[in-house]
Amino acid sequence: MNDAIQPDPLSIHRTIVTLDTHIDIPWPTGPDPFQDGPRRVDLPKMVRGGLSAACFAAYVPQISRTPASEDAAYGRAVAMLDQINRMAHTPSAIAVRIASRAEAIVAAKRDNVLALVPCVENGFAVGADLSRIAAFRQLGAIYMTLTHNGHNALADSCNPRRDLGDRETEHGGLSALGRAAVAAMNRVGMLVDVAHTSRDTMVQAAEASRAPIVSTHSCVSALCDHSRNMTDWQLDVIRDVRGVIQITAVAAFLKPNAKPEEVTVVDFADHIEYAVKRIGIDHVGISSDFDGGGGFSGWHDASQSPNVTIELLRRGFDRGALEKLWGGNFLRVMRMAEGLAG
(Lines give C-alpha, C1' and ligand atoms only; values in the text may rest on other atoms or scores of the structure.)
Protein backbone atom coordinates (compact mmCIF):
# COMPACT_ATOMS: atom_id res chain seq x y z
CA MET A 1 0.00 0.00 0.00
CA ASN A 2 1.32 3.44 -0.92
CA ASP A 3 2.14 5.86 1.81
CA ALA A 4 -0.26 8.76 2.14
CA ILE A 5 0.76 11.69 -0.03
CA GLN A 6 2.18 14.43 2.13
CA PRO A 7 1.33 18.05 1.31
CA ASP A 8 4.06 20.07 -0.37
CA PRO A 9 4.70 23.05 1.93
CA LEU A 10 6.07 25.31 -0.80
CA SER A 11 3.19 24.54 -3.15
CA ILE A 12 0.67 25.39 -0.42
CA HIS A 13 2.58 28.50 0.60
CA ARG A 14 2.76 29.88 -2.91
CA THR A 15 -0.86 29.22 -3.85
CA ILE A 16 -2.63 30.75 -0.83
CA VAL A 17 -2.99 34.43 0.01
CA THR A 18 -0.09 35.21 2.33
CA LEU A 19 -0.65 38.56 4.05
CA ASP A 20 1.83 40.02 6.53
CA THR A 21 -0.23 42.56 8.47
CA HIS A 22 2.49 44.82 9.84
CA ILE A 23 5.71 46.04 8.19
CA ASP A 24 7.42 49.38 8.79
CA ILE A 25 8.94 51.46 6.02
CA PRO A 26 12.18 53.43 6.46
CA TRP A 27 11.50 57.17 6.61
CA PRO A 28 12.15 59.75 5.32
CA THR A 29 14.79 58.02 3.21
CA GLY A 30 15.83 54.40 3.04
CA PRO A 31 16.93 51.58 0.75
CA ASP A 32 15.00 51.25 -2.50
CA PRO A 33 12.09 48.82 -1.93
CA PHE A 34 12.38 47.65 -5.54
CA GLN A 35 15.94 46.44 -5.00
CA ASP A 36 17.12 43.40 -3.03
CA GLY A 37 18.89 45.29 -0.29
CA PRO A 38 19.27 45.61 3.48
CA ARG A 39 15.56 46.00 4.24
CA ARG A 40 13.92 42.95 5.77
CA VAL A 41 11.06 43.50 3.34
CA ASP A 42 11.54 44.65 -0.21
CA LEU A 43 9.74 43.51 -3.33
CA PRO A 44 12.37 40.94 -4.44
CA LYS A 45 12.28 39.34 -0.96
CA MET A 46 8.49 39.23 -1.07
CA VAL A 47 8.63 37.40 -4.40
CA ARG A 48 11.28 34.93 -3.22
CA GLY A 49 9.39 34.28 0.00
CA GLY A 50 6.00 33.82 -1.65
CA LEU A 51 4.54 36.73 0.31
CA SER A 52 1.60 37.95 -1.74
CA ALA A 53 0.49 40.95 0.29
CA ALA A 54 1.93 43.24 2.93
CA CYS A 55 0.54 45.98 5.16
CA PHE A 56 3.03 48.86 5.10
CA ALA A 57 2.70 51.17 8.07
CA ALA A 58 2.88 54.94 8.05
CA TYR A 59 4.41 55.01 11.53
CA VAL A 60 4.38 58.18 13.60
CA PRO A 61 6.53 58.23 16.77
CA GLN A 62 5.02 59.64 19.93
CA ILE A 63 6.42 63.00 21.05
CA SER A 64 5.11 65.77 23.31
CA ARG A 65 1.52 66.62 22.43
CA THR A 66 1.01 70.13 21.12
CA PRO A 67 -1.11 71.32 18.20
CA ALA A 68 2.08 71.88 16.22
CA SER A 69 3.50 68.42 16.92
CA GLU A 70 0.16 66.78 16.09
CA ASP A 71 0.01 68.70 12.81
CA ALA A 72 3.55 67.59 12.01
CA ALA A 73 2.64 64.00 12.81
CA TYR A 74 -0.33 64.20 10.47
CA GLY A 75 1.88 65.63 7.74
CA ARG A 76 4.36 62.81 8.21
CA ALA A 77 1.64 60.15 8.06
CA VAL A 78 0.18 61.60 4.86
CA ALA A 79 3.62 61.84 3.26
CA MET A 80 4.34 58.21 4.16
CA LEU A 81 0.99 57.06 2.76
CA ASP A 82 1.74 59.02 -0.40
CA GLN A 83 5.09 57.24 -0.68
CA ILE A 84 3.44 53.83 -0.27
CA ASN A 85 0.91 54.73 -2.95
CA ARG A 86 3.64 55.92 -5.32
CA MET A 87 5.19 52.45 -5.25
CA ALA A 88 2.32 51.25 -7.43
CA HIS A 89 3.25 53.81 -10.11
CA THR A 90 6.99 53.17 -10.14
CA PRO A 91 8.25 51.33 -13.25
CA SER A 92 9.47 47.91 -12.14
CA ALA A 93 9.90 44.36 -13.36
CA ILE A 94 7.83 43.32 -10.33
CA ALA A 95 4.13 44.07 -10.70
CA VAL A 96 2.59 45.74 -7.65
CA ARG A 97 -0.80 47.17 -6.81
CA ILE A 98 -2.26 49.19 -3.96
CA ALA A 99 -4.97 47.08 -2.35
CA SER A 100 -7.18 48.87 0.15
CA ARG A 101 -10.08 46.43 0.25
CA ALA A 102 -10.21 42.73 1.00
CA GLU A 103 -11.30 41.74 -2.49
CA ALA A 104 -8.47 43.78 -4.00
CA ILE A 105 -5.96 41.73 -1.99
CA VAL A 106 -7.54 38.50 -3.24
CA ALA A 107 -7.64 39.81 -6.82
CA ALA A 108 -3.97 40.78 -6.71
CA LYS A 109 -3.07 37.23 -5.75
CA ARG A 110 -5.19 35.87 -8.59
CA ASP A 111 -3.48 38.26 -11.02
CA ASN A 112 0.01 37.40 -9.72
CA VAL A 113 0.58 40.96 -8.57
CA LEU A 114 2.00 41.94 -5.17
CA ALA A 115 -0.57 43.72 -3.01
CA LEU A 116 0.68 46.74 -1.07
CA VAL A 117 -1.72 47.62 1.74
CA PRO A 118 -1.37 51.05 3.43
CA CYS A 119 -2.06 51.56 7.14
CA VAL A 120 -1.32 54.05 9.92
CA GLU A 121 0.47 53.35 13.20
CA ASN A 122 -0.28 55.72 16.09
CA GLY A 123 -3.43 57.78 16.41
CA PHE A 124 -1.24 60.65 17.59
CA ALA A 125 -1.39 61.76 13.95
CA VAL A 126 -5.12 62.44 14.34
CA GLY A 127 -4.56 65.09 17.00
CA ALA A 128 -7.98 66.53 17.77
CA ASP A 129 -9.16 66.55 14.13
CA LEU A 130 -11.22 63.43 13.41
CA SER A 131 -11.58 64.39 9.74
CA ARG A 132 -8.04 63.12 9.35
CA ILE A 133 -9.32 59.57 9.74
CA ALA A 134 -11.35 59.84 6.52
CA ALA A 135 -8.30 61.41 4.84
CA PHE A 136 -6.20 58.39 5.84
CA ARG A 137 -8.82 56.05 4.45
CA GLN A 138 -8.94 57.99 1.18
CA LEU A 139 -5.19 57.41 0.93
CA GLY A 140 -5.84 53.69 1.25
CA ALA A 141 -5.21 53.05 4.94
CA ILE A 142 -7.10 49.94 6.07
CA TYR A 143 -6.36 50.26 9.78
CA MET A 144 -5.00 52.64 12.36
CA THR A 145 -3.17 51.56 15.50
CA LEU A 146 -4.74 53.68 18.24
CA THR A 147 -1.49 54.28 20.14
CA HIS A 148 2.20 53.52 20.01
CA ASN A 149 4.62 53.82 22.93
CA GLY A 150 3.14 56.60 25.01
CA HIS A 151 -0.36 57.88 25.63
CA ASN A 152 -1.97 60.16 23.06
CA ALA A 153 -5.17 62.19 22.89
CA LEU A 154 -7.18 59.13 21.85
CA ALA A 155 -6.15 56.50 24.36
CA ASP A 156 -3.74 55.04 26.88
CA SER A 157 -0.80 52.96 25.69
CA CYS A 158 0.47 49.76 27.27
CA ASN A 159 3.87 51.49 27.47
CA PRO A 160 3.60 54.90 29.16
CA ARG A 161 6.42 57.27 28.23
CA ARG A 162 7.87 58.57 31.48
CA ASP A 163 10.20 60.82 29.50
CA LEU A 164 7.10 62.54 28.09
CA GLY A 165 5.51 62.85 31.53
CA ASP A 166 3.05 59.98 31.11
CA ARG A 167 1.35 58.65 34.20
CA GLU A 168 0.50 54.95 34.30
CA THR A 169 -2.92 55.87 32.93
CA GLU A 170 -4.28 59.15 31.63
CA HIS A 171 -7.75 58.46 30.21
CA GLY A 172 -8.55 55.17 31.92
CA GLY A 173 -8.51 53.58 28.45
CA LEU A 174 -10.19 55.43 25.57
CA SER A 175 -10.75 59.17 25.91
CA ALA A 176 -14.03 60.71 24.75
CA LEU A 177 -12.15 61.76 21.61
CA GLY A 178 -10.89 58.18 21.25
CA ARG A 179 -14.42 56.81 21.35
CA ALA A 180 -15.39 59.29 18.66
CA ALA A 181 -12.34 58.20 16.66
CA VAL A 182 -13.43 54.56 16.84
CA ALA A 183 -16.87 55.58 15.53
CA ALA A 184 -15.22 57.57 12.74
CA MET A 185 -13.08 54.57 11.78
CA ASN A 186 -16.21 52.40 11.68
CA ARG A 187 -17.90 54.91 9.37
CA VAL A 188 -15.10 54.80 6.79
CA GLY A 189 -14.42 51.07 7.05
CA MET A 190 -11.04 51.24 8.79
CA LEU A 191 -10.11 48.53 11.26
CA VAL A 192 -9.37 49.51 14.86
CA ASP A 193 -5.93 48.15 15.77
CA VAL A 194 -5.28 47.63 19.49
CA ALA A 195 -1.63 46.58 19.28
CA HIS A 196 0.28 48.91 21.65
CA THR A 197 -2.81 49.94 23.62
CA SER A 198 -3.35 49.45 27.33
CA ARG A 199 -5.61 46.61 28.38
CA ASP A 200 -8.35 49.04 29.38
CA THR A 201 -8.11 50.72 25.98
CA MET A 202 -8.26 47.36 24.25
CA VAL A 203 -11.42 46.13 25.96
CA GLN A 204 -13.14 49.52 25.63
CA ALA A 205 -12.29 49.62 21.91
CA ALA A 206 -13.77 46.14 21.54
CA GLU A 207 -16.97 47.33 23.20
CA ALA A 208 -17.17 50.60 21.28
CA SER A 209 -16.40 49.35 17.77
CA ARG A 210 -19.21 48.09 15.55
CA ALA A 211 -16.61 46.13 13.55
CA PRO A 212 -14.28 43.50 15.04
CA ILE A 213 -11.05 44.85 16.47
CA VAL A 214 -7.63 43.52 15.48
CA SER A 215 -4.22 43.41 17.07
CA THR A 216 -1.95 43.54 14.06
CA HIS A 217 1.30 42.66 15.81
CA SER A 218 1.21 41.12 19.29
CA CYS A 219 1.98 37.80 20.99
CA VAL A 220 0.63 35.74 23.89
CA SER A 221 1.20 36.83 27.49
CA ALA A 222 0.88 33.27 28.88
CA LEU A 223 4.04 32.28 26.99
CA CYS A 224 5.92 35.56 27.38
CA ASP A 225 4.86 38.08 30.00
CA HIS A 226 5.32 41.38 28.18
CA SER A 227 3.18 44.51 28.26
CA ARG A 228 2.73 44.28 24.49
CA ASN A 229 1.27 40.78 24.66
CA MET A 230 -2.32 39.65 25.11
CA THR A 231 -3.55 37.93 28.27
CA ASP A 232 -5.91 34.99 28.04
CA TRP A 233 -8.90 37.18 28.87
CA GLN A 234 -7.87 39.62 26.14
CA LEU A 235 -7.69 36.75 23.68
CA ASP A 236 -11.19 35.79 24.77
CA VAL A 237 -12.41 39.34 24.08
CA ILE A 238 -10.93 39.19 20.57
CA ARG A 239 -12.79 35.93 19.97
CA ASP A 240 -16.02 37.25 21.41
CA VAL A 241 -16.08 40.25 19.04
CA ARG A 242 -14.99 38.06 16.09
CA GLY A 243 -11.65 39.83 15.86
CA VAL A 244 -8.14 38.60 15.14
CA ILE A 245 -4.76 38.64 16.87
CA GLN A 246 -1.85 38.61 14.43
CA ILE A 247 1.05 36.84 16.15
CA THR A 248 4.23 38.77 15.42
CA ALA A 249 7.91 38.01 14.97
CA VAL A 250 9.46 40.23 17.67
CA ALA A 251 11.91 38.12 19.65
CA ALA A 252 11.28 39.79 23.02
CA PHE A 253 7.53 39.20 22.63
CA LEU A 254 8.09 35.50 21.93
CA LYS A 255 10.59 34.64 24.68
CA PRO A 256 11.37 36.78 27.75
CA ASN A 257 14.22 39.22 27.09
CA ALA A 258 15.30 37.18 24.08
CA LYS A 259 17.57 38.38 21.31
CA PRO A 260 16.62 37.51 17.71
CA GLU A 261 19.26 34.78 17.44
CA GLU A 262 17.77 33.09 20.51
CA VAL A 263 14.31 32.68 18.95
CA THR A 264 13.23 30.26 16.22
CA VAL A 265 10.18 29.48 14.10
CA VAL A 266 9.31 26.85 16.71
CA ASP A 267 8.87 29.59 19.34
CA PHE A 268 6.75 31.61 16.93
CA ALA A 269 4.53 28.63 16.14
CA ASP A 270 4.12 27.97 19.87
CA HIS A 271 2.34 31.32 20.20
CA ILE A 272 0.16 30.64 17.18
CA GLU A 273 -0.76 27.20 18.48
CA TYR A 274 -1.54 28.50 21.98
CA ALA A 275 -3.82 31.21 20.62
CA VAL A 276 -5.58 28.77 18.28
CA LYS A 277 -6.22 26.35 21.14
CA ARG A 278 -7.50 29.17 23.34
CA ILE A 279 -9.79 31.07 20.94
CA GLY A 280 -10.04 29.02 17.74
CA ILE A 281 -8.49 28.98 14.29
CA ASP A 282 -10.77 31.82 13.06
CA HIS A 283 -9.20 34.44 15.31
CA VAL A 284 -5.44 34.10 14.81
CA GLY A 285 -3.10 35.31 12.08
CA ILE A 286 0.51 36.08 11.19
CA SER A 287 2.57 39.26 11.08
CA SER A 288 6.27 40.08 11.20
CA ASP A 289 6.82 43.70 12.29
CA PHE A 290 9.79 43.54 9.91
CA ASP A 291 11.83 46.73 9.69
CA GLY A 292 10.20 47.74 12.97
CA GLY A 293 11.85 45.25 15.31
CA GLY A 294 10.66 41.88 14.01
CA GLY A 295 12.82 39.01 12.83
CA PHE A 296 14.48 35.95 14.34
CA SER A 297 16.47 32.87 13.40
CA GLY A 298 14.60 31.18 10.56
CA TRP A 299 12.39 34.17 9.73
CA HIS A 300 14.94 36.90 9.35
CA ASP A 301 13.24 38.59 6.41
CA ALA A 302 10.37 38.17 3.96
CA SER A 303 12.33 35.73 1.80
CA GLN A 304 12.18 33.15 4.63
CA SER A 305 8.38 33.29 5.03
CA PRO A 306 7.89 29.66 3.83
CA ASN A 307 9.65 28.47 7.00
CA VAL A 308 6.57 29.52 8.98
CA THR A 309 4.32 27.44 6.73
CA ILE A 310 6.68 24.45 6.96
CA GLU A 311 6.61 24.51 10.77
CA LEU A 312 2.84 24.90 10.95
CA LEU A 313 2.33 21.99 8.55
CA ARG A 314 4.68 19.92 10.68
CA ARG A 315 2.36 20.59 13.63
CA GLY A 316 -0.67 19.34 11.77
CA PHE A 317 -2.22 22.56 10.48
CA ASP A 318 -3.78 21.75 7.11
CA ARG A 319 -4.19 23.91 4.02
CA GLY A 320 -7.50 25.33 5.20
CA ALA A 321 -5.99 26.35 8.53
CA LEU A 322 -3.00 27.91 6.80
CA GLU A 323 -5.28 29.91 4.52
CA LYS A 324 -6.98 31.36 7.60
CA LEU A 325 -3.75 32.06 9.49
CA TRP A 326 -1.89 33.60 6.56
CA GLY A 327 -4.63 36.04 5.62
CA GLY A 328 -8.11 34.58 5.52
CA ASN A 329 -9.06 35.65 9.03
CA PHE A 330 -7.76 39.17 8.53
CA LEU A 331 -9.58 39.43 5.19
CA ARG A 332 -12.77 38.38 6.98
CA VAL A 333 -12.56 41.25 9.47
CA MET A 334 -11.67 43.65 6.66
CA ARG A 335 -14.84 42.61 4.84
CA MET A 336 -16.88 43.06 8.00
CA ALA A 337 -15.48 46.57 8.54
CA GLU A 338 -16.09 47.46 4.91
CA GLY A 339 -19.65 46.15 5.11
CA LEU A 340 -20.44 48.24 8.17
CA ALA A 341 -19.02 51.47 6.72
CA GLY A 342 -21.30 54.40 6.17
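How many of the 342 residues in the protein chain are buried? I looked that up first: buried residues make up 57%, where buried means under 20% relative accessible area with a 1.4 Å probe, counting protein chains only.

Ground rules I noted: this is a predicted model, where local features need pLDDT of at least 70 and side-chain atom pairs count only at pLDDT 80 or more, while totals for chains, interfaces and linings use all residues. Residues are numbered from 1 along each chain as its sequence is written, and side-chain values use heavy atoms, leaving out hydrogens and water.

Next I checked the overall size. The radius of gyration, taken over C-alpha atoms, is 19 Å for the protein chain, which agrees with the value near 20 Å for a compact globule of 342 residues; that rule is 2.2 Å times the number of residues to the power 0.38. The C-alpha atoms fill a box of roughly 70 × 45 × 40 Å along the principal axes.

Then I went for the inside. A nonpolar core here is a set of buried Ala, Val, Leu, Ile, Met, Phe, Trp, Tyr and Cys residues joined through side-chain atoms within 4.5 Å. The largest has 83 residues, and F136 and F268 touch the most other members. Helix α10 (residues 265-279) gives this core its largest share, 7 residues; helices are DSSP runs of H or I, at least four residues, numbered from the N terminus.

I followed F268 outward. Beyond its neighbours within four places in sequence, its contacts (heavy atoms within 4.5 Å) include I247, L254, F296 and W299. I also found a second, separate core of 23 residues, with C55, A99, V214 and F330 among them.

Conventions. Buried < 20%, exposed > 50% of the residue type's maximum accessible area, 1.4 Å probe, protein only. Helix = DSSP H or I, 4+ residues; strand = E, 2+ residues; numbered from the N terminus.
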